[in-house]
Amino acid sequence: MNKDIFIKELKKLNINLTNNQQSKLDRYYQLIIEENNKINLTRITKYDDVCLKHFYDSLTLIKSVDLYKNLSLCDVGTGAGFPGIVLKIVFPNLKITLIDSLNKRIIFLNKVINELKLKDIEVIHCRMEEYSKKNKEVFDIITSRAVARSEILLEISIQSLKVGGHLIFMKGNCEEEFNSLKKIIFNYKAIVNNVIKFKLPIENSIRTLVDILKVDKTPNKYPRNISIIKKNYNF
């Protein structure tokens, strides 16, 4: 996906990049490439591929939620900053928290934030299940992009979501996970609000946005220890 096609496809999502935002995305790409050999941020390194599979894919979250609103958003297991950094560049109105368990990635993300002069964005070195126990009902939106099974992401994240907030998983083809998720979701006082399936332009790979609505306070027993969660679901 070259730059012209990238901009054209974003317009179909009602996203019109400014020159400044495009410059920041380009510099972000350069920083990823500069650091990638040191800390293995991504296997996708060609500019056109990054535009499609990281930048554009991150921004498809807008299919599920109005990102032009002033929302607090948490990106769980953000890695190199997808989707969180991309969302912050394009939607500066969002207040964003990036959570990751690897300190090398935390250092990289802070470097990106400082160089691009991004505001109202913080990086936290922590596992989400630990963060959730101490930070209840703080986010309007929690999202995660292909980090772990949906059942695990649901349990480790939903305690930090406000009642009425949305937990949105950004997945590929996840039919099996979704069927499993439906059997347990009400235990966490949540419901499946929407499922959006689509294909990435050019490549036509299947993507899925699973939108979970929190309808009541999460029981205090969640999240459990990660080893217990995995054992419970036979992962």
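**Note on the predicted model: ring pairs, strands and internal space**

1. Seven aromatic pairs are counted in this structure, where a pair requires rings of Phe, Tyr or Trp (its six-membered ring) with centres within 6.5 Å; planes under 30 degrees apart count as stacked, over 60 as edge-to-face and the rest as tilted. In one of the pairs, the ring centres of Tyr28 and Phe82 lie 5.8 Å apart with their planes at 50°, so this pair is tilted. Tyr28 belongs to helix 2 (residues 19-39), whereas Phe82 sits in the loop between strand 1 (72-76) and helix 4 (84-90); the pair therefore ties together parts that are 54 residues apart in sequence. Helices (H or I, at least four residues) and strands (E, at least two) are DSSP runs, numbered from the N terminus.

2. The model is a predicted one: local features need pLDDT of at least 70, side-chain atom pairs count only at pLDDT 80 or more, and totals for chains, interfaces and linings use all residues. Residues are numbered from 1 along each chain as its sequence is written, and side-chain values use heavy atoms, with hydrogens and water left out.

3. Are the two partners of the tilted pair, Tyr28 and Phe82, buried or exposed? Tyr28 has 0% relative accessibility and counts as buried, and Phe82 is buried with a relative accessible area of 6%. Here buried means under 20% relative accessible area, exposed over 50%, and partly exposed in between (1.4 Å probe, protein chains only). Ring pairs also link Tyr28 and Phe82 with Phe55 in a cluster.

4. Tyr131 and Phe139 form a stacked aromatic pair, at 6.1 Å centre to centre and 25° between the planes. Both Tyr131 and Phe139 are buried. A charge over a ring is also present: Lys63 lies over the face of Phe198, at 4.8 Å from the ring centre. The rule asks for NZ of Lys or CZ of Arg within 6 Å of the ring centre and within 35 degrees of the ring normal.

5. Strand 1 is largely enclosed by the rest of the structure, because five of its five residues are buried. Ser72, Cys74 and Val76 point one way from this strand, and Leu73 and Asp75 the other way. In a regular strand the side chains alternate between the two faces of the sheet. Strand 1 runs parallel to strand 2, and five bridges join them; two strands pair if DSSP finds at least two bridges between them. Leu73 has Ile96 of strand 2 as its bridge partner. Strand 2 is mostly covered, with five of its six residues buried.

6. The largest pocket has a volume of about 670 Å³. Of its 31 lining residues, Gly77, Asp100, Arg105, Ala146 and Val147 are the closest to its centre. On a 1 Å grid over the protein atoms alone, a pocket is an open set of points with protein on both sides within 12 Å along at least five of seven lines, a cavity is a set where a 1.4 Å probe fits but cannot get out, and lining residues have an atom within 4 Å of a point. Helix 7 gives the most to the pocket lining, with three residues.

7. One cavity of 30 Å³ or more is counted. The largest cavity has a volume of about 30 Å³; grid points are joined across faces, edges and corners, and a volume is the space filled by probe spheres set on the points. Its lining consists of Cys174, Glu175, Phe178, Val195, Lys197, Thr208 and Val210. Helix 8 (175-184), strand 6 (190-199) and strand 7 (206-214) each supply at least two of the lining residues.
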